[in-house]
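Good morning, colleagues. I would ask you to look at the sequence and the model while I take you through helix packing, aromatic pairs and a few individual residues.

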Amino acid sequence: MDFDENLSSRLDEWIEAHKEELLNDISSVVAIRSVSEKEADGYPYGKGCHDVLLEAERIASGYGFECSNPEDRYLLVRFGRNGGKKIGVFNHMDVVPEGTGWEHEPYRCVLENGFLVGRGVADNKGAGMASLYALRFLSEQGICLSHDVELYYGAAEETGMEDVEIYLQHNEAPYFSLVPDSNFPVCYGEKGNLRFDLSVRLPSDSRIISLEAGEVVNSVPNTATAVLDGGVSVHDYPGTTVNRNDGKVVVTAHGAAGHAAFPELSDNAVRILLECLSLAEGLDEASCHAVKALLKAVSGYYGEGLGAEEEDEASGKLTVVGTVLRMNDGLVTLSFDSRTPVTVDGNWVEEKYKAFAASNGLEYTGISWSRPAYTPVDSPEVQLLCSVAEYVHKRKLTPYTMGGGTYSRKLPFAVGFGPGLPDAPNLYPQGKGNGHQSDECILFELILKDIKADVLALIGLDKIIG
């Protein structure tokens with residue numbers, strides 16, 4: 001693709017002139033704790049998501065865009081009145097819970113050493129505002145497109161993407177969509193996502209009183225806690241602390257949080273806790289069996305313990321991680337997030353998990369299955385976007401597939417497009433700074449470049465879409 005250098009220069013100048021406004025707009029949405037909670041506080045996804053959609057609407061309408069907020073589930077911002085095929089840009093305004101271990105206030109966006117820090121700056125509020133500024137540039141510069149652009153802000157992406165499913169029930173899907181929730185140049189494939197529970201009921205006289213870890217299934221927890229009967233003896237174990245309180249033993253495991261799509265970048269506190277409990281003395285036989293069975297299930301990130309190791313050339317290894325642990329009325333439940341390679345049959349994987357449960361005295365419950373997403377890497381759209389990304393970042397970049405799940409898997413023709421880079425620096429050491437981790441951060445410069453990439457991508461796509 002040949003790029004208009006005059007347009008490029010004007011765009012650079014405009015972005016520089018508006019970056020303080022952008023920072024203010026990002027800060028205003030980051031300040032809202034928009035953790036999606038279904039049917040909470042009288043709203044479809046909770047008051048926080050209600051508030052953040054209203055704030056995004058206030059910002060977008062203030063820049064002159066027509067907006068609609070159907071049933072408080074998502075916000076649509078429209079550019080153009082041509083009819084016909086649409087180009088979509090899909091972002092989400094919901095975030096995962098803040099968790100623990102923050103050095104900064106989670107819901108106060110700060111700019112430190114060139115990095116934005118705050119829950120949602122990278123996933124996905126920063127890119128969400130960049131998308132709006134791309135449309136703002138086109139509008140203010142009087143650049144008309146032949147195809148309408150529909151900017152979507154969702155409120156339940158982190159909790160299963162019901163929001164976009166409802167959108168698709170009531171709206172015609174865009175012909176092609178950008179999902180700025182990944183890295184440049186283009187994510188052309190996403191693994192399938194299988195979520196399930198393994199559970200076991202403990203006897204009434206179990207010496208395990210409670211178990212707890214995790215908040216949402218797609219985040220690896222950094223802490224996990226067990227409360228045991230005082231007669232249980234727990235040995236020192238790396239990554240754990242043991243305290244006695246009111247005749248009970250409290251064991252806390254300390255790991256490193258992370259995204260469930262990339263569990264190898266984290267250290268699962270659930271596994272550490274179960275390893276510690278498996279060495280305890282004085283547990284009843286049934287509880288020992290339950291601990292060891294669940295420990296086997298979380299013993300590796302690639303399905304080793306569950307007997308489901310698989311991989312393909314396009315997307316790599318299957319991943320599976322147990323993230324949310326609860327005990328209610330004697331029923332212990334561990335929820336899992338599994339990402340399956342794009343060419344692997346999800347039914348085959350589920351049968352492996354069921355067989356593991358049956359042979360280890362556990363009950364399997366399937367929760368959800370989300371199909372893989374795949375767009376041929378040699379398609380004109382992918383090739384165009386690769387050229388845009390390389391032009392903006394002035395370097396060679398390789399299109400890729402990933403384990404993460406975005407709105408791309410729900411849309412008929414969509415790919416991930418920025419705002420990150422595969423080797424982008426982090427303000428913090430491993431275990432902090434990334435999406436779903438404490439002190440989530442992203443270089444502000446990447447968000448600014450994302451505006452430019454979105455503008456050039458929309459202009460280019462408009463020309464090649466018939």
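Before the helices, two terms are needed: axes are lines fitted to C-alpha atoms, for helices over the stretch in contact, and angles run from 0 to 180 degrees between N-to-C directions. Helices (H or I, at least four residues) and strands (E, at least two) are DSSP runs, numbered from the N terminus.

What you see is a predicted model, in which local features need pLDDT of at least 70 and side-chain atom pairs count only at pLDDT 80 or more, while totals for chains, interfaces and linings use all residues. Residues are numbered from 1 along each chain as its sequence is written, and side-chain values use heavy atoms, with hydrogens and water left out.

Let me begin with helix H5 (residues 269-278) and helix H6 (residues 285-297), whose axes cross at roughly 140° and come within 9 Å. Their crossing is left-handed; that term applies if the near helix is turned anticlockwise from the far one by less than a right angle, and right-handed applies if clockwise. Contact, here and later, means heavy atoms within 4.5 Å. From H5, the residues Arg 271, Leu 274, Glu 275, Leu 277 and Ser 278 meet Val 291, Lys 292, Leu 294 and Leu 295 of H6. By class, this contact has 5 nonpolar, 1 polar and 3 charged residues. For these classes, Ala, Val, Leu, Ile, Met, Phe, Trp, Tyr, Cys and Pro count as nonpolar, Asp, Glu, Lys and Arg as charged, and the others, Gly among them, as polar.

The second helix pair is H1 (residues 5-30) with H9 (residues 444-464), packed at an angle of about 130° with axes 10 Å apart. H1 and H9 are therefore oblique to each other; angles under 35 degrees count as roughly parallel, over 145 as roughly antiparallel, 65 to 115 as roughly perpendicular and the rest as oblique. The crossing of H1 and H9 is right-handed. Among the residues that make the contact are Leu 11, Ile 15 and Leu 22 of H1 and Ile 447, Ile 451 and Val 455 of H9. The residues of this contact divide into 13 nonpolar, 1 polar and 3 charged.

Ile 447 leads us to Gly 126, since Gly 126 touches Ile 26, Gly 120, Val 121 and Ile 447, not counting residues up to four places away in sequence. Gly 126 lies in helix H3 (residues 125-140). Is Gly 126 buried or exposed? At 0% relative accessibility, Gly 126 counts as buried; buried means under 20% relative accessible area, exposed over 50%, and partly exposed in between, with a 1.4 Å probe and protein chains only. The C-alpha atoms of Gly 126 and Ser 27 are 8.9 Å apart, with their positions 99 residues apart along the chain. Asn 124, in the loop between strand S5 (115-117) and H3, is joined to Asp 123 by a cis peptide bond with omega about 15°.

I turn now to the aromatic residues. The structure holds 18 aromatic pairs; rings of Phe, Tyr and Trp (its six-membered ring) pair if their centres lie within 6.5 Å, and planes under 30 degrees apart count as stacked, over 60 as edge-to-face and the rest as tilted. Tyr 152 and Tyr 167 have ring centres 5.3 Å apart and planes at 70°, so this pair is edge-to-face. Because Tyr 152 is in strand S6 (residues 148-154) and Tyr 167 in helix H4 (residues 162-170), the pair ties together parts 15 residues apart in sequence. Both of these tyrosines, Tyr 152 and Tyr 167, are buried.

A further edge-to-face pair is formed by Tyr 175 and Phe 413, with centres 5.6 Å apart and planes at 85°. Tyr 175 is partly exposed, at a relative accessible area of 31%. Ring pairs also link Tyr 74, Phe 90, Tyr 152, Tyr 167 and Tyr 407 into a cluster.

Finally, two loop residues deserve mention. Asp 41 has phi near 60°, a positive value in a residue other than glycine, and at 59% relative accessibility Asp 41 counts as exposed. Asp 329 is likewise not a glycine and has a positive phi of about 50°; at 75% relative accessibility, Asp 329 counts as exposed. Asp 41 lies in the loop between H1 and helix H2 (47-62), and Asp 329 in the loop between strand S19 (319-328) and strand S20 (331-340). Thank you for your attention.
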